[in-house]
Amino acid sequence: MAILTSDLLSKVQATHQFEEERLLGFVRANVSGFPQSLAKFSVLQFGHGQSNPTFLLEAYFGESGAEVKRYVLRKKPPGVLLESAHAVEREFMVLKALGACSDVPVPRVFCLCSDPSVIGTAFYIMEFLEGRIFLDNKLPGLAPERRRAVYQATAQTLAALHRVDVDSIGLQSFGRRDNYCKRQVQRWERQYLASTGEGKPSRNPKMLELADWLKKNIPLGDSSGSSGTGLVHGDYRIDNLVFHPVKDQVIGILDWELSTLGNQMSDVAYSTLHFFVDYMLATSESRGGLETMMIEGIPSVAEYLADYCSAAQKPWPAADWKFYVAFSLFRAASIYAGVYHRWAMGNASGGQRAQSAGKLTHVLIDSAWDYINRKFVLPNQPPLRPVTTKSSEMQYPNGLENIYSTKEQGRFVPNEKVLILKNKLLKFMEDHIYPLENEFYKLAQSSARWTIHPEEERLKELAKQEGLWNLWIPLDSAARARKLLFDGNSYLNQENWSNNLLGAGLSNLEYGYLCEIMGRSVWAPQIFNCGAPDTGNMEVLLRYGTKEQMKEWLVPLLEGKIRSGFAMTEPKVASSDATNIECAISRVGDSYVINGRKWWTSGAMDPRCKILIVMGKTDFTASTHKQQSMVLVDINTPGVQIIRPLQVFGFDDAPHGHAEVCFENVKVPIDNILLGEGRGFEIAQGRLGPGRLHHCMRLIGAAERGMHMMVQRALKRKVFGKFIAEQGSFLSDLAKCRVELEKTRLLVLEAADQLDRLGNKRARGTIAMAKVAAPNMALAVLDMAMQVHGAAGLSSDIVLSHLWAAARTLRIADGPDEVHLGTIAKLELRRARL
Ligand SMILES: Cc1cc2nc3c(=O)[nH]c(=O)nc-3n(C[C@H](O)[C@H](O)[C@H](O)COP(=O)(O)OP(=O)(O)OC[C@H]3O[C@@H](n4cnc5c(N)ncnc54)[C@H](O)[C@@H]3O)c2cc1C
């Protein structure tokens, strides 16, 4: 929640007290409009901020003494100060120039007092702004769209500040512009050295190494100061901004102590530090910033930066961004070291809160090194933004966008975050996937069919860079992995976060809108690391894997370096009832030994497939649903034999494939068991819910592609003197297809929403309905599309027959229709009996 500026007040701290009468005399003489006859004059201190102590002056006047004028006084801290720090005179100068000659929102200043005899140090007086301050940059309590607006206003206000022409407002001598970064690194290194060392807080050698790295990586052009220089604020953060009491608009930028002229991109990078390190939580062990939290409405760093660059008309800073962030962390570390040093000497205005600044200094230094060691920090281009920022006016760059795309408010209307991803995804499909489909088919029909097309791996990298990677991962699963893999250690370096290894923090419903688009091409899902059975297998590891299992198998799967298979179905038994399976998993000493035969293990033919999740029985005598267990089996373990690829209507789905696999005395360590013996059924329930829905979502996309192709064909092909689109029978069939498609889409979205709100178990009835409805609808629509294409529709020259074959498998795979109908009927009867 935001707090009002007036809520930050408390009594003046003992170390900051001054003679109020002397101050009053000065104010009366120097602040124009100050009431001459007062009922009361009071001084309170602002509790937020640790640099220059800041006070509220209240002058009560009028007949009843109830009228009040409020002012803010800002002064240097008492005690011995570091040279050039706490320069309130400079603050006054910049505020005065901006207030008089620009539209940058700043409080109006009244007067500056350099005479220490008045209150002990120099000070100035300015306007009091009543508004909201967001002390927590996670913006708790705000709706996602307002969070977005607050961050947008933050970026745009910084852009407005950076657009100011300093020469025209008399600030041309406010600082030097050449060698800004070089001088800043030297300055903050000096400050750090002055705040640490013998008789002072301890010195961290990594800080000095950091200074060396920065000196060696100064951006080109720094020495001349030719481009990108101008006014910089120096401490631009959300909590130094006053927002309008109700509108998401900045009404004042505060805390100008560090302002100067210089390289403005360093100002921008500094304003993003909370994405990389949680400096609000100085006392906790937490290191990760907003980029690891994925809070709805808060933009990514790239999106924030895109807002800034577009408003400031600056080029995209990918080339030097690593330097600017590392420099900002270094500078912040030096500032906090100064705060801590002052606290240790008893004169930091943040009081005891400044104590934690010592620890934070080290966190900032480590974070800078983590950032430097990342391979990827920013995409080469700014992320694609919707054509307008209002979701109601979004434009879609793709002809495939369906005619009922939601442009209004409503229950199943994707939010702005999803719309942005959707636009990107649509463009990616148009630019990269559809044009390569024929290429992929050619290879899959050649003698080299079980190899990977090099373009596939290239597109995977591109998808990662675009933030279109692992979008299927639901928030809760991501949170578990984050906790197990990343908490308090640097097992994985921060590069992985930037690559969105744990998705975009989407709910199942939000993912539904995107998964549908991937379903338009059989080749698309794996490009985004969103293909079956990998998503289901990753979900199992995310939910049930141990830390070690995650490290060994989940991480390479998340990275898209390996693929996986799920081996449950057996040729000998009716596997739609998993209690029938016969594969034996026997405990022998410290190992499990697996014996059995599986088939339709999708993905096992893929040369990148390295891990199988095998379901078998560990105890044939236990109760029916406690006999089964799941174990992780490295596909290269002796005794694992791939017997043959199976075909679906002649499609073998190379290079992915569906394999028959024999397990003969396959020995794996006991640590490879998932969740524990007898828990296989439980895992299957968890795995199959979201996975089933993903199939349904993709089927909506497949049907949508069928609709599109059908209509295009009907508008171009003439039969018996008329276009097919003019034939009455076609029109009614087309309309019926649309009706079925929309009904099913709603059912699938409803199931996804229920999965988010109610969980797997309570949503199972609706998921079952979607699982029956989606393949049957897609089959009908694709069948109609093939019919309209005549013989071409049945050929392999166009995608329809392959989409149809894939849809047909889903009346059986992941449970035949009859099993799901049984679930729906059982629930219906149970409800009637209640
Ligand atoms: C392309 C494809 C990919 C697959 N991928 C995988 C995979 O990666 N891993 C894996 O383990 N399996 C996979 N499968 C297998 C799939 O999950 C099974 O085929 C499915 O669970 C059905 O099992 P079954 O084939 O043994 O059919 P059976 O269990 O023998 O059932 C046959 C038929 O019996 C009828 N029937 C079943 N139950 C009922 C009931 N309760 N009421 C009325 N009639 C019923 C249905 O008509 C059903 O189709 C895949 C299958 C295909 C086609």
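Helices and strands here are DSSP runs, numbered from the N terminus. With that in hand, β15 (591-602) and α26 (817-833) each turn out to put at least two residues into the shell around the ligand. The model is a predicted one, and the ligand site is a handy place to start.

In total, 18 residues surround the ligand, and F566, T569, S576, W600 and E818 come closest. Sorted by type, the shell comes out as 10 nonpolar, 6 polar and 2 charged residues. Some polar side chains get down to hydrogen-bonding sort of distances on paper, but the numbers can speak for themselves. For S576, a polar side-chain atom sits 2.4 Å from an oxygen atom of the ligand. E818 also places a polar side-chain atom by a ligand oxygen, at 2.8 Å. S602, for its part, has a side-chain N or O atom 2.8 Å from a nitrogen atom of the ligand. Taken on its own, the ligand has 980 Å² of accessible area, and the protein covers 66% of that.

Zooming out, the protein chain runs to 834 residues, 58% of them buried. Its secondary structure adds up to 26 helices and 21 strands. Among contacts with a separation of 6 or more, 74% link residues 24 or more positions apart. On the outside, the chain exposes about 34,500 Å², with carbon and sulfur atoms supplying 52% of that area.

Then there is the packing inside. In soluble globular proteins, nonpolar side chains tend to end up buried together. In this model, the largest nonpolar core holds 105 residues, and L471, F528, L693, M710 and F730 make the most contacts inside it. Helix α21 (residues 680-716) chips in 14 residues, the largest share of this core. As for M710, its contacts beyond four places in sequence are F730, L734, C737, V781, M784, A785, V788 and H789. Apart from this core lies another one, of 101 residues, with L95, V104, V109 and V242 among them.

One glycine also deserves a look. G793 is part of helix α24 (residues 791-794). Is G793 buried or exposed? It counts as buried, because its relative accessibility is 0% and the cut-off for buried is under 20%. Leaving out residues up to four places away in sequence, G793 touches M786, I798, L800 and S801. D783 is 10 residues from G793 in sequence, and their C-alpha atoms are 8.8 Å apart.

Technical notes: Residues are numbered from 1 along each chain as its sequence is written. This is a predicted model: local features need pLDDT of at least 70, side-chain atom pairs count only at pLDDT 80 or more; totals for chains, interfaces and linings use all residues. Side-chain values use heavy atoms; hydrogens and water are left out. Helices (H or I, at least four residues) and strands (E, at least two) are DSSP runs, numbered from the N terminus. Buried means under 20% relative accessible area, exposed over 50%, partly exposed in between (1.4 Å probe, protein chains only). Contact means heavy atoms within 4.5 Å. Accessible areas come from the Shrake-Rupley method with a 1.4 Å probe; for residues, only the protein chains shown count as cover. A residue is near a molecule or strand if one of its heavy atoms lies within 4 Å of it. A polar contact is a pair of N or O atoms within 3.5 Å; within protein, one must be able to donate a hydrogen and the other to accept it, and residues adjacent in sequence count only if both atoms are side-chain atoms. Ala, Val, Leu, Ile, Met, Phe, Trp, Tyr, Cys and Pro count as nonpolar, Asp, Glu, Lys and Arg as charged, and the others, Gly among them, as polar. A nonpolar core is a set of buried Ala, Val, Leu, Ile, Met, Phe, Trp, Tyr and Cys residues joined through side-chain atoms within 4.5 Å.
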